[in-house]
Amino acid sequence: MAADLSPPSVRAARETVPWATLVLAGVALAAFVWPDAAGLLVYERDRVVAGEWWRLWTANLVHFGGSHLGWNLLVFVPTGIWAERIAPGRTRLMLALTPGLIGIALLAFEPALARYAGLSGMAAGTLALLVFLQLRARNADRLFWCGVLALLAVKIGAEAFLGRALFAHFAGTDIRPVPLAHLAGVAGAAVVCFTRRPRPI
Amino acid sequence: MNHLKPRLLFPALLALGGALLLTTGGCFSLWDGQNQHHQASSVVGYLYPNQTDPLPPPGLPVLRLPLRVGVAFVPSGNQRNSGYIPPNGITEAQKAVLLQRVADEFKGRDYIEHIEIVPTSYLRPGGGFTNLDQVRNLLGVDVIALVAYDQVQFTDENLLSLSYWTIVGAYLFHGNKNDTQTLLEAAVYDIASRHLLFRAPGTSSVQGGSAAVNLAENLRTDSAKGFDAGTTVLIGNLKTQLEEFRERVKQSPDAVAHIEHKPGYTGSGAFGGAFLAALALLSLVRKPWRRT
């Protein structure tokens with residue numbers, strides 16, 4: 001058997017099990033097939049104010065439809081696994097804190113928002129965290145990762161400016177994009193990434 | 001070993017036969033002289049009890065999203081014939097279970113705020129839209145799905161029913177062939193505007209057999225099976241009709257219904273296929289020798 005000559009950080013990344021990402025994705029799938037999940041977990045401003053505070057966190061795990069869930073998972077799962085493999089502690093901290101941060105941001109700065117659900121804020125957060133981690137590492141392809149960050153910024157900015165989804169199509173006609181959720185996800189990733197010392201990737 | 005003498009054998013058999021006829025023979029009164037049982041309720045009879053030619057409501061319905069939806073079984077009978085409860089009629093408990101199944105299938109949709117199961121006790125036979133206005137005010141529903149039903153049960157006796165002349169035969173042999181035909185119909189109304197938004201049917205057919213002593217019980221079971229199977233079909237058709245209604249509203253909002261949004265909006269975010277495609281294009285410029 002040939003010896004593994006990879007750097008220790010690469011070997012460690014390979015051995016890391018991205019359980020936090022997989023657990024959150026599994027819970028999102030379970031919430032989708034559980035008929036009462038939306039009633040109990042979705043962000044509803046009136047109910048949050050009335051004391052159902054868990055909705056600030058759990059709203060990120062429920063979805064308005066199969067395609068809504070599917071597209072979000074397609075971004076969240078690969079970026080979450082990648083980020084968790086190379087920086088497990090920071091990624092898990094981000095996954096634990098960001099849902100609450102998104103919920104609090106919506107409650108504080110979007111008073112007209114009555115209902116919210118979806119993993120997209122978290123997906124934006126994991127994608128941003130992956131970009132930040134790569135940009136802080138010396139061996140990263142800076143042009144590519146800057147491009148990814150620019151793409152994410154264009155999406156968030158355009159949705160804020162246009163008031164409609166830029167890359168996605170919602171099944172419901174009355175659902176509007178909430179760029180603040182994506183912005184809060186990115187902010188959570190930035191806080192977690194830049195307030196801790198970088199580690200070589 | 002004792003043997004009956006031949007001259008005593010015939011009287012003994014005669015006595016035994018007479019005793020059997022007296023103790024085990026009988027005539028089962030089947031189905032109270034009828035071979036058909038019918039139970040039904042009607043949306044038209046409930047909403048327009050005294051009108052033979054109801055006029056269509058003026059204007060267009062205004063649907064304010066997300067909707068609060070009620071779902072209820074239409075009470076059977078009308079004002080003149082209120083209080084009729086058929087002997088094998090569907091019970092309130094059965095109705096609640098069936099309505100819960102319907103409600104569960106439509107929960108979680110972004111344009112539905114909540115679904116309220118309205119007990120039949122809230123509806124008066126022949127109550128009409130005045131009664132629906134009361135329900136609207138009491139339970140806070142905007143739209144109501146009224147479920148009406150029509151179930152007919154037939155039972156026919158076959159050759160095995162000859163065995164009913166003995167008690168054993170009436171317990172053992174399936175001398176009755178039962179046929180249960182069920183039609184469910186859901187009509188979805190906007191209460192404020194009195195407009196019928198869409199409707200969907202659900203049908204089922206249950207066939208079975210039974211012995212005389214189990215006839216009533218088996219017919220009740222078949223009745224419940226008929227309602228259950230009909231509800232499954234109804235749910236599928238309701239989904240189809242709901243999607244068609246949404247398409248009609250999208251394509252010609254000025255001809256079908258006006259859509260408004262309640263204060264406060266529903267929001268979310270998503271990464272569509274276009275975003276992933278843009279990422280894939282971006283990855284083409286990535287230097288392959290520096291991939292991590």
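The largest nonpolar core (buried Ala, Val, Leu, Ile, Met, Phe, Trp, Tyr and Cys residues joined through side-chain atoms within 4.5 Å; buried means under 20% relative accessible area with a 1.4 Å probe, protein chains only) has 40 residues, and A:V148 and A:L152 have the most contacts inside it. This is a predicted model, in which local features need pLDDT of at least 70 and side-chain atom pairs count only at pLDDT 80 or more, while totals for chains, interfaces and linings use all residues. Residues are numbered from 1 along each chain, chains are lettered from A, and side-chain values use heavy atoms without hydrogens or water.

**Cores**
- Helices (DSSP H or I runs of at least four residues) giving two or more residues to the largest core include α2 (19–33), α9 (142–162) and α10 (179–194) of chain A, together with α7 (273–283) of chain B.
- The most comes from α8(A), with 11 residues.
- Beyond its neighbours within four places in sequence, A:V148 is in contact (heavy atoms within 4.5 Å) with A:L127, A:V131, B:L279 and B:L282.
- A second, separate core of 34 residues includes B:Y111, B:L197, B:L234 and B:V249.

**Interface of chains A and B**
- Contacts join 46 residues of chain A to 33 residues of chain B.
- The two chains bury about 3700 Å² between them (accessible area lost on being put together, 1.4 Å probe, summed over both), with 61% of it on carbon and sulfur atoms.
- There are 0 salt bridges between the chains, counting a Lys or Arg side-chain nitrogen within 4 Å of an Asp or Glu carboxyl oxygen.

Key: Buried < 20%, exposed > 50% of the residue type's maximum accessible area, 1.4 Å probe, protein only.
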